[in-house]
Structures are given as structure tokens and as C-alpha cells.
Amino acid sequence: MKSLNRLKQEIFQWKHMPIHGNLVRYYDSEIYNEENLVRGVIITEHCDGGLLSDVVTQTYPQTFSEKMLLAILRDVACALFVLHTEDPPVSYRNVNPNYIYVHASGRCKLEAARSMTSNMIVFAFPTLNVQTPHTMEESRIVEQQLELVADPAYFPPEFCDLTSNSKHRKISEKVDVWELGILMYYLAFFSTPFESVDGKIDTRSLIAGRFTFPANEAKKYSAEFLEIIRRLLTADVNKRPSIVDVVVKASGFTRWRMTQEASAVLDYAQQQRRKPVQPKPQSKKATLTRPKSTSVPRERSNKLQVTKPAQRGSSGKSTSSGKYSTSLELSDSDLSSSSDVDDLVQQKREAGEMTDRIRTSMLQYFGGKKNHTRWVLKCTSRVPEPPPRRSMKKIAIAAYENHSIDFYFSLLSKRPLFASEIVAVKALTTTLCVFQLSTQEVVYQSFKHVSLLKEISTRWKIVEESEDKRKDMNWAPFISRFANILTNKVYFLNKYTEFGMNYALVEGAELDVEDQVNVPARLSTLLANLNLALRWALANTDPVINGAIRPMIEEAHSIYLSLTVVMADLLSKNDEPDIVQSTLARYEEERLALREIIMRAKNIQELNLFDDIPSIPAKSPLEKHPRRARAAARKILDSFMSVGDNDMLEEADLDDEDSGSSDNEENVHLLGSLYKVTAKGAIVPLIGTVGTQRAEENTRQAMKKVLIRKENKVCVECGRAPVKYFSVNLGVFLCAICQKIHQQLGESISEVHSTTAKVLRPEWVAAAAEIGNKKAKAFWENRLPEEKRPALDASPSAWASFLKQKYIQRLWIPVVVK
């Protein structure tokens, strides 16, 4: 009977677990009799990584990196936040590796624990969170129950001596904060802070909160990380931080990586700081009056998705769980009756609802399978042109928002990667760009898909060595090496978690003696393979190949900077002179090879590589001042941004066809009588519809008539002739040089096509005919001082800066008409 009650109790706890990204999800359960034995089955979410305790066993004796510990702290704290903000708050009381599971995504999740149940209903204190025992007999019973539901090694001071009148006797949900501190200490040093020499717990030190860190092992962690462990292990319950305070404090650390769940905690903390102050009661009697309603606010219920049912007293009416129960947010009745306050609350509520709606629609957009399919098809089509940058960016954002890259590799595996060299190159280019734009978690998830990259490399290697390969398989050497580079990138970043997506060594992280030799060798091999692939690409230029050159040069440059950092650290120690010299010689060889490649690439006009990719110096930066070289390399690496570092979701530009709204709905007239700016920020000509008279003419004949005009015979920007290109949304004509700079502005600003293209849409020709160079120049350069215009022989970067000011910042348009 006792086992049956425990089983029912555990099932009850699972059923009432909130749905959250850091809590193991419950699906179903059943109790049945089998040969006079009562058995139960609980079906929950599967976590491929198993228990955290198993991961610790496999990792031992190597301790976790600070970045990994902060990720575990983040996930567990977010799970505890959901429990602590229940009504009444739920204390987990078993925060140890035996109750924490590791998901396939690398995230940690808490399971439902028997310690969460309300077994503490004795002597008029209904839950562990609100009362403390009053007599010796009550304290002994409580101690017996605590031994059943919690690990004694994780006991906080308030559990150790319940019989004495102590400031530690207040038992609340901050028990979990203490246990989280013990967990962090254990994972960092494989011991507990209050463990004596004989392996027993030093109760006196525990009650006083006195402990030290192992001197040698503590050197690998930053001072801020050790300080947060000290704060978690504060003996005085009143001074111990709440779980929200822990997340707020840790989120400012260098190695912290933000997740959607952690962001929700920070939003909650911000809301609490902004919460209006409740007016003071006018009488003592009012201070003793319990609020009429202590129910969970609607906003919070939606966030947690599961709310525990209210307890009912004998009268059948809902009762409060205790005198300390409070709601998360003040209701309207709690606020001042001032109309100004009411208006402010209403404005904040409406603004929050609008933000939530926009956020929800954007998440639906980036989470839609139809959108995923369209973006991948755009990036891996057979059209002989580079994959569109905007679609690649959207794939990266979708991976970040959905916390998974599985959809991308699943769609990629269905493409003709082994039948078309164009598709293969575009797929690999897209994969590299998505990696460069994504967070570390994406590469960790990509590890299970690395077999696809290996297969691409192997099969195209076979094609390369085959004697009877087809004529359209000449890119096989490049494809094979490119896929091998991506494979090695995934392997490297999964093995050496001290490095970020751009190969930047996490600040404060140190490589052990073995890795100080292995890491430079691996990075040098990666750089050598990239240099070989880039040499081949520069010797076999093609629009599709050209699309891969830029991201590959950026990748090679990141590896070069990371090598500079690692080599500077290695030179400062200089324990193995022979190894250091051989490693330095290889670094110098690959550095000079990359320098020569970048110089060659900048001379190829079609690549549009201007001054935005830094040049590599002729002399080694490590020759005279290694520490300065290290600092300069770190500064550049830290400037690289990814999807997770800033809110690219809100800045993302949706295609007009993606949004589902008509052009008429987006007729936001901001640029006078010639243009309009859509809600997505795209510039569109106000004229040029298919129904015009010119659209009904033969488009090629119409284009010839437009080109005959005197103002359209020269480039609208530099005045050169001839003009062979035109911008369909600006309605201007361009030379071969300026059209490349226009393409850098993006299609939403300037969509460039050839005047002799096979497909000329009637609306394009109509827009060019109605606007033309003369009208456009009079509009965009209406207030342009002549000295601001670059000289004809100015560098491409100067012209690019000028055109951004002209069309994106719109500095010189006459008057903005709303």
C-alpha cells in the first residue's frame, strides 16, 4: 500500500509539472495489476544524453569548463524559476545530478521529484515553504522526512538543526538556491564544499557557511563565477539571493549564452522592477487583511501553460495557501485610483500585448515548415548564381528561434547533392554561412548530421578520382575539400568547447598542456585546407563559386586570428622550444598563403571584396609584440556577431510574398511622388503597374526607347558610359562598376538587372520610363552638397559609403511626406 501511494504521488506530481523548455515533459501514465503486483508506467519526454550524473562519470577526472557550468546553471535556474513562481511556490529540494537530464540539444532538464510533493503537512504548516516546526517532536519528524526526500550532502543550514532557535530556521524555496550552489561547486571541483577529510559533512562549517575553493583547480574559473557560488551558498536565508537574482547576475557574465527561457526570467525581473508601489495601509487592521484574490495572473498562466488547481476548504470555496502567498503582478485593484496611473497601466498592457502579437507572428513565420522549405530551395536551386544572403540569414534565425538545426539538414538531404555540382556548392556555401551566423548550440546539434557532410566529401572525392566522370563534374575537387572543411569545423568545435563559433578562445579559458600542442595543429590544418580550396576557387571563377569565396575567406581569416591568440599564449610559456618553433613555422606558412589569397581576391572585381576584409601584414605580428598581436586579434574576433548576440529576429526583413499582405496594404508614402517604403522597409516605385500603356508594348522595344533618352545614356551615379544595368525599384540606369555597389545595398533597396536580360517584366520597364536618371537624381540628391560626392577615381569603399548615405539613410531627399 505504501508503494502504491508513492506511485500515485509521483504520477500526481508529473501531471502537475508546468510545460517548460527546462522541465522534462509528461505525456501519459497508467497503473495496472500484474500477478498480484501493482505496477505503474509513466511516459515522459526522452532525453538522449541521459542523467547529468552519468555525464559526470564519463567526464571524470576532467572537470567542466566555465561556459558549460554556466549553461547548466542557466538551464536549472530557469526550471526552478518556473516552480518558484507557482502559486504557492514549489520547492524542488533535490537539485543534484541524479535528477537532471541532458537533452539531445545539450540543454539540461529537471524531472519531477518526489521531494516536490506536499508530504510536509504536519502540525499546522501545510507546505515546506511557509512555516517552520515549533516543538522538538515536530522537528524530529521533519528531519526524518527530509532524509527521505533530499540528499544530505546538499542540505542547507536550515535543514541541519531544526531544534534550535536560529536565524536559519526559516525554510523557503531558497533551499533550491543553496542546492544549486552545491551542484555548481561539485561540477567544478568534484567535491562538496563542506566535506571533511573523512568524507563526512562538517555541520558546523555548513551552518556558518564557511568553505574554501581548491587553490589549483579554482585558477581555471573566473573570479565572477566563483563569487556567484559564494552568493548561492549564503548561510543566512534572508541574505541568500532568489533564483531570479541568480539569473540576472549570471546573465552579465562573459561566457553566458542567452536562451528563450533565460530571457523570460530577465523580462520577469524587469517587470518586477517596474511594478508600481502599493500604497501604504492607513490602519493596522488593514495590514492584517488578506488580499481578496491570490490567483495567478492570466499573463503568467499563459506562460507556464499549466496551473495547479486551487485547494478547497470544507466550505467549498477556494482558500489561500498561506499568509505569505502573493500574486506575481499587482491587479488593477492594488493600484492607486488616480486616473494617471490607470492610463499608464493601460498603455503598458496594450504595448505588451502588441509586442507579444508581433513576437508570436514572427515566431510562427520562422517556425513554419513551408517557409523552411522555400528558403532551402532558394539556397540550393540549380540556378547558376550564389545563394541569396537574405534566405541564408532567415535559415540561421529559424535555427536560433527553434533551438534546432534539424529541419535544415533534413531538407538538405533531399536535394540532389550528388547529381548537380551547382546544388552541392550552393548547399555547402549555405551551411557555412548559417554556421557563421549561428550560435554555438547549432554546431553542437550539427554533430549528429555530420555524416551527411562526410558523405558529400567522400562521394565527390570518388568522382574526382574517377576516369569516366562527366563534363559537368569539374568542381569535384572543390566540393570534396569544402565538405571536408565543414566536417572538421563541426568536429573541432564539439571537441574544444573553449572556442566559439568564430574560433575565438573564450576569455579566461586556458588550454591544458596537451591541447596547447593539438589545437594549433588542428587550426593550422583547417587553415591549410581553406587556403587550398580558395586557390582552386580563384583559378576557376564562376558565379556560383564566387558566392563561396567571400564566406570562405572570412572563415580563414577567423582561424588566422584564433591561431594568433593561441600562438601568443604558447610563446609566452615556451615550455617546449622545438614544438613551439615547428608550430610557429607552420603558422607563418599558412598566414602568408592567406595573405596572398586575399590580395588576389581583392583584385578580382566580380568578387566585390573591398576594404571590409582586413589585409594581413607582411611581417609576422608575433615577431616583436606577441601580447599586442593577441589583444588586436581578440578585439576583431569579439566584434563578430551572431544571431544570438543581438535580436536579429526583430530586424529580419520578410519577403513581400512571405508576408501575405497585399501591396496596397503597405502603401506607406514616405518618399514623395516617385517612391514608397513598404512596412518591411523596401523601396518600391509608386508607378509601373502592369496595366499601364507602356506595359502592354513589347518590353524590349520599350526598353530601347527609354535608353535613347539623353539622361539615361550615362550612369546615374558616376556619369560613366555605357549603361548596361538598371535598378528596377529605383528606376535608374547604371554602369558595370556602380551596379556591383548597388547590389551590396540589398534587393529591398536596389534590385539590379541587365538591360538585355532574357526576362524583362513590363512593370520594371514602366518604372524606368516614368522615373529615369533625371527625376531620380533630382529627388535623391536634392540637398546634396557637391563636396560630399566622391571623386570619379575614388575607392569602391568610398562610393559604397556614399550610396548607403544616399539610399539607406536618405540624407539628401527634399522633404519626407507622410
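**A guided tour, starting in helix 32**

Begin by selecting helix 32 (residues 796–808), where Trp-799 and Phe-802 are three residues apart and therefore separated by about one helical turn. In general, an α-helix has 3.6 residues a turn, so residues three or four places apart point the same way. Keep in mind throughout the tour that this is a predicted model.

With both side chains shown, Trp-799 and Phe-802 can be seen as an edge-to-face aromatic pair, with 5.8 Å from centre to centre and 90° between the planes. Trp-799 counts as buried at 6% relative accessibility, and Phe-802 likewise counts as buried, at 2%.

**Other aromatic rings**

How many aromatic pairs does a search of the whole structure find? The search gives 24, and one of them is made by Phe-492 and Tyr-496, which you can select next: their ring centres are 5.0 Å apart and their planes meet at 45°, so this pair is tilted. Phe-492 is buried, with a relative accessible area of 1%, and Tyr-496 is buried as well, with 2%. Now add Lys-495 to the selection, because its charged end sits over the ring of Tyr-496, 5.5 Å from the ring centre. Another charged residue placed over a ring is Arg-459, which lies over the face of Phe-418 at 3.8 Å from the ring centre.

Next, select Trp-178, Tyr-185, Phe-189, Phe-194, Phe-211, Phe-213, Tyr-221 and Phe-225 together, since these residues are linked into a cluster by ring pairs. Within this group, centre the view on Phe-213, which is found in the loop between helix 7 (203–208) and helix 8 (223–232). Is Phe-213 buried or exposed? At 14% relative accessibility, Phe-213 counts as buried. Tyr-185 is another member of the cluster, and although Phe-213 and Tyr-185 are 28 residues apart along the chain, their C-alpha atoms are separated by 8.6 Å.

**A three-stranded sheet**

Move on to the open sheet whose three strands run in the order 8-7-9, with antiparallel pairing. Strand 8 (732–734) and strand 9 (752–754) stand at the edges and have a single partner strand each, so one side of each is left without a neighbour in the sheet. From one strand to the next, the twist averages 35°. For a closer view, select strand 7 (residues 725–727) along with strand 8, and you will find that the two pair in the antiparallel sense over three bridges. Ser-727 has Val-732, in strand 8, as its bridge partner.

**Helix 3**

Select residues 66–84 to show helix 3, which has 19 residues and reaches 26 Å from its first C-alpha to its last, close to the 27 Å expected at 1.5 Å a residue. If you then turn on the surface of the rest of the model, helix 3 proves to be mostly covered, with 18 of its 19 residues buried.

**The cysteines**

Finish by selecting the cysteines, bearing in mind that the structure holds zero disulfides. Cys-108 is in no disulfide, and the nearest cysteine sulfur, that of Cys-47, is 9.4 Å away. Cys-108 counts as buried, at 4% relative accessibility. Why does Cys-715 not form a bond with Cys-738? The sulfur of Cys-738 is the closest cysteine sulfur to that of Cys-715, but the separation is 3.7 Å, which is too far for a bond, because a disulfide needs the two sulfur atoms within 2.5 Å. Cys-715 also counts as buried, with a relative accessibility of 3%.

Terms used. Residues are numbered from 1 along each chain as its sequence is written. This is a predicted model: local features need pLDDT of at least 70, side-chain atom pairs count only at pLDDT 80 or more; totals for chains, interfaces and linings use all residues. Side-chain values use heavy atoms; hydrogens and water are left out. Buried means under 20% relative accessible area, exposed over 50%, partly exposed in between (1.4 Å probe, protein chains only). Helices (H or I, at least four residues) and strands (E, at least two) are DSSP runs, numbered from the N terminus. The expected span of a helix is 1.5 Å times one less than its number of residues. Rings of Phe, Tyr and Trp (its six-membered ring) pair if their centres lie within 6.5 Å; planes under 30 degrees apart count as stacked, over 60 as edge-to-face and the rest as tilted. A charge sits over a ring if NZ of Lys or CZ of Arg is within 6 Å of the ring centre and within 35 degrees of the ring normal. Two strands pair if DSSP finds at least two bridges between them. Axes are lines fitted to C-alpha atoms, for helices over the stretch in contact, and angles run from 0 to 180 degrees between N-to-C directions.
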